[in-house]
Amino acid sequence: MSRFWSPVVHQLTPYVPGEQPKLDTLIKLNTNENPYGPSPKVLAAIRAATDDSLRLYPDPSGDKLKDAIASYHGVSRPQVFVGNSSDEVLGIVFQALLKHEQPLLMPDISYGFYPVYCGLFGIQAQQVPLDDSLSIQVEDYRQPCGGVILANPNAPTGRLLPLSAIRQLLDDHPDQVVVIDEAYVDFGGDSAIALVNDYANLLVVHTLSKSRSLAGLRVGYAIGQTELIEGLERVKNSFNAYPLDRLALAGAVASFEDDDYFRHTCQAVMRTREQLTAQLQALGFEVLPSAANFVFARHPQHDAAMLATGLRQQAVIVRHFTAPRINQYLRISIGTDAECARLVQVLGSLLS
Ligand SMILES: Cc1ncc(COP(=O)(O)O)c(C=O)c1O
């Protein structure tokens with residue numbers, strides 16, 4: 001606390017990111033990073049960009065990257081917004097599109113940053129409860145609101161809504177922006193980007209942190225019709241006109257140019273997810289169906305916090321949330337086959 005803080009700072013409840021341990025001997029299954037490194041072509045592009053040109057500012061609009069993203073998704077450059085991580089893109093989205101008189105609707109269990117942005121930007125949030133199976137029911141969103149945001153697949157549940165449900169949501173709210181955060185969609189979902197040309201109120205947010213193995217590079221983007229993107233550009237250019245640095249731009253462009261690597265690693269993660277799900281079930285866990293690079297699981301006879309602590313003592317870290325409805329679950333990021341095998345082995349010993 002300080003008397004020098006702006007009043008809003010006293011009210012903030014900041015987001016708490018998953019632990020980034022200093023020890024690299026730990027098996028780290030707690031922050032949904034990709035267990036595989038980035039494409040070798042991405043690393044080569046970053047190395048090639050590491051030269052004297054770093055004295056120059058980067059392209060403020062990141063046009064080469066926007067073109068790579070536009071061509072990958074079959075949209076046009078003015079439909080793409082890029083930023084320094086999807087967290088930053090989301091922050092700009094909240095300011096530019098989601099602050100209205102009516103409350104912003106979001107699931108009661110979803111990405112923990114959404115309520116934090118509401119606090120920072122003075123947006124009234126209204127949380128809509130997931131149903132008893134921890135699924136989003138889009139009918140529950142039929143109420144007056146200033147906008148809707150949800151993650152699909154949802155985090156931390158991993159559950160996926162079909163595009164028909166997203167369409168329903170968009171049809172129910174023709175005068176509000178509906179933001180679909182697709183941080184995990186490449187691990188098994190259909191992207192709502194396919195609907196962007198049909199819906200002026202749809203904005204889809206993606207990140208390169210998960211399926212493209214680039215959490216350390218901090219690149220995210222949003223796709224929507226041009227008026228929405230223009231709103232985002234106005235806020236970005238009122239805050240930081242150069243969010244993506246030269247190395248991030250070079251690496252991100254190269255990632256979209258190596259589709260084989262992207263597909264191959266996503267498939268490996270999905271294969272491991274299915275194996276891990278079966279192994280956890282064999283240990284007696286209930287595992288929610290996941291379309292993401294993590295699973296959300298609980299054991300009917302064992303306390304989740306104790307399991308997380310037991311795993312940690314054996315150098316395996318997973319994420320445990322203390323919120324009431326989910327405090328008996330563990331969120332386990334999909335690692336390599338060897339990492340998941342070790343997780344299962346330690347869990348087996350903790351349960352016996
Ligand atoms: C649903 C969701 N959205 C966005 C993000 C942020 O990703 P990044 O800021 O790394 O792009 C995360 C990260 O865990 C997430 O789970």
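**A colleague's note on this predicted model**

1. Let's start with Val9, which is partly exposed, with a relative accessible area of 32%. Val9 sits in helix H1, which covers residues 7–11. Please keep in mind throughout that this is a predicted model.

2. Val9 also has company on the surface. Together with Met1, Trp5 and Val8, Val9 makes up a nonpolar surface patch. The accessible area of these four residues together is about 400 Å².

3. Next, a residue you may want to find on the screen: Lys210. The UniProt record, an unreviewed entry, places the feature "modified residue: N6-(pyridoxal phosphate)lysine" at Lys210. In the model, Lys210 belongs to the loop that links strand E7 (202–207) with strand E8 (220–224).

4. Is Lys210 buried or exposed? Its relative accessible area is 15%, and because buried means under 20%, Lys210 counts as buried. Leaving aside residues up to four places away in sequence, Lys210 touches Thr31, Asn32, Asn34, Ala183, Tyr184, Phe187 and Asn293.

5. Now to a sheet. Three strands form an open sheet in the order E9-E10-E12, and their pairing is antiparallel. Strand E9 (286–287) and strand E12 (330–333) are at the edges, each with a single partner strand, so each has one side without a neighbour in the sheet.

6. A closer view of one pairing: E9 and strand E10 (residues 294–298) run antiparallel and are joined by two bridges. Across this pair, Val287 stands opposite Ala297 in E10. As general background, strands of a sheet pair through backbone hydrogen bonds, either parallel or antiparallel.

Methods
Residues numbered from 1 in each chain as written. Predicted model: local features only at pLDDT ≥ 70, side-chain atom pairs only at ≥ 80, totals over all residues. Heavy atoms only, no water. UniProt positions renumbered as here; feature names shortened; annotations may be inferred. Helix = DSSP H or I, 4+ residues; strand = E, 2+ residues; numbered from the N terminus. Buried < 20%, exposed > 50% of the residue type's maximum accessible area, 1.4 Å probe, protein only. Contact = heavy atoms within 4.5 Å. Patch = residues over 30% accessible without salt bridge, like charges linked within 9 Å, V, L, I, M, F, W, Y side chains within 5 Å. Areas by Shrake-Rupley, 256 points an atom, 1.4 Å probe, with all protein chains shown as cover. Salt bridge = Lys/Arg side-chain N within 4 Å of Asp/Glu carboxyl O. Pairing = 2+ DSSP bridges.
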